[in-house]
Amino acid sequence: MSLADAHGRTIDDLRVSVVDRCNLRCTYCMPADGLPWLDRSEILSFEEIERLVRVFVGLGVRTVRLTGGEPLVRKDFPVLASMLSGIDGIEDLSVTTNGVLLERDAAALVAAGIDRFNVSLDSLEHERFHQLTRRDELDRVLRGLRTLGAQPGVGKIKVNCVALRGVTEAEVIDFAELARREPYEVRFIEFMPLDGDRSWRPEDVLTGEEIRAMIDEVFPLTDAVRPEHGTAKVCAFADGRGSVGFINPVSEPFCSDCNRLRLTAEGELRTCLFSRRETDLRAPMRAGASDAELAQLIEDAVWRKELKHHVGEPGFVPPPRTMSQIGG
Ligand code: SAM
Ligand code: SF4
């Protein structure tokens with residue numbers, strides 16, 4: 001079974017947002033005062049998430065990433081992780097987290113069957129981390145990363161850094177050194193217009209190519225390789241000590257190769273990060289729709305998946321949701 005869109009792409013990757021709340025307030029994602037949070041009854045229950053993921057997997061989804069908001073603030077999140085890791089047909093189950101609660105949950109999540117972790121970390125310097133996330137939690141995140149790395153059987157750990165012009169340049173080399181010193185693949189993500197303050201400007205985007213050139217001057221890099229459907233272009237250090245990745249959705253969109261769907265915490269299916277339309281799966285599910293009926297709704301929505309995003313083009317209108325409300 002495989003899911004296809006009208007543009008000939010096979011869609012086999014699903015990002016599931018398990019909660020809209022977060023314990024950080026990153027400037028590029030959320031407003032300082034947070035957002036109007038969803039009521040508990042609006043958020044999909046574990047059983048509802050499991051059911052929908054089974055339907056997606058039955059249609060051809062093979063990789064599932066759990067995200068948010070901050071997934072680890074959802075109560076009993078490791079229980080959900082183990083419910084999902086039991087689904088036949090998922091080849092890769094991963095989590096994207098800000099790392100604040102990893103010290104508490106890393107062991108439970110690895111035991112629950114999470115194959116891979118992406119940990120977001122935008123600064124290695126206390127004051128800058130505090131300014132960017134509006135919380136003084138760098139030490140907890142670093143302890144969380146260490147705890148995660150110490151888990152027997154933990155898969156590849158990726159450290160994701162959103163690159164902001166005027167901010168990130170100061171730490172590009174420190175992040176490169178982190179990637180050389182630790183078994184992490186450090187990846188720089190271009191800033192996208194999905195911030196809560198709606199203050200994104202094209203000139204704030206520090207491109208992946210600019211960062212690659214800065215690193216290459218100090219630590220020579222090999223040519224970039226982009227795995228099929230991988231969003232990151234990965235460059236190894238020429239001396240063989242690790243690698244860095246560049247996710248360049250703004251300067252080098254990878255829409256033609258996009259294989260992704262997103263399910264929001266309240267059960268809306270989104271076929272593009274920048275979608276302005278959504279398909280509600282919660283209402284039909286709670287009204288008694290069968291799995292076959294839900295599958296049909298998903299297939300119809302996927303068929304209409306957007307050809308590409310229009311960031312940077314005249315007339316671009318950002319979606320009403322911020323990144324935290326979508327599930328990045
Ligand atoms: N709270 C978790 C975290 O931060 O890892 C998971 C959710 S967060 C929305 C997922 C990813 O989106 C993070 O790596 C974050 O840095 C990234 N992100 C958020 N807002 C962004 C933006 N405006 N542009 C680019 N990436 C963004
Ligand atoms: Fe929270 Fe992640 Fe958004 Fe930062 S990027 S505010 S950690 S959801």
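Begin with the whole protein, coloured by accessibility if your viewer allows it: buried residues (under 20% relative accessible area, with exposed meaning over 50% and partly exposed in between, for a 1.4 Å probe and protein chains only) make up 55% of the 328 residues. This is a predicted model, in which local features need pLDDT of at least 70 and side-chain atom pairs count only at pLDDT 80 or more, while totals for chains, interfaces and linings use all residues. Residues are numbered from 1 along each chain as its sequence is written, and side-chain values use heavy atoms, with hydrogens and water left out.

Switch next to a cartoon view, where the protein shows 10 helices and 13 strands, both being DSSP runs numbered from the N terminus (helices H or I of at least four residues, strands E of at least two). If you reduce the display to the C-alpha trace, its span along the principal axes is about 60 × 45 × 40 Å.

Now turn on contacts, meaning heavy atoms within 4.5 Å: of those with a separation of 6 or more, 73% are between residues 24 or more positions apart.

Finally, select Asp-13, which lies in strand E3, residues 13-17. Is Asp-13 buried or exposed? Its relative accessibility is 7%, so Asp-13 counts as buried. Show its surroundings, and, leaving aside neighbours within four places in sequence, you will find Asp-13 in contact with Thr-63, Asn-259, Arg-260 and Leu-261. With Thr-63 there is also a polar contact, side chain to side chain, at 2.7 Å; such a contact is a pair of N or O atoms within 3.5 Å, where within protein one must be able to donate a hydrogen and the other to accept it, and residues adjacent in sequence count only if both atoms are side-chain atoms.

Conventions: Chains are lettered from A and ligands numbered from 1 in the order in which they are written.
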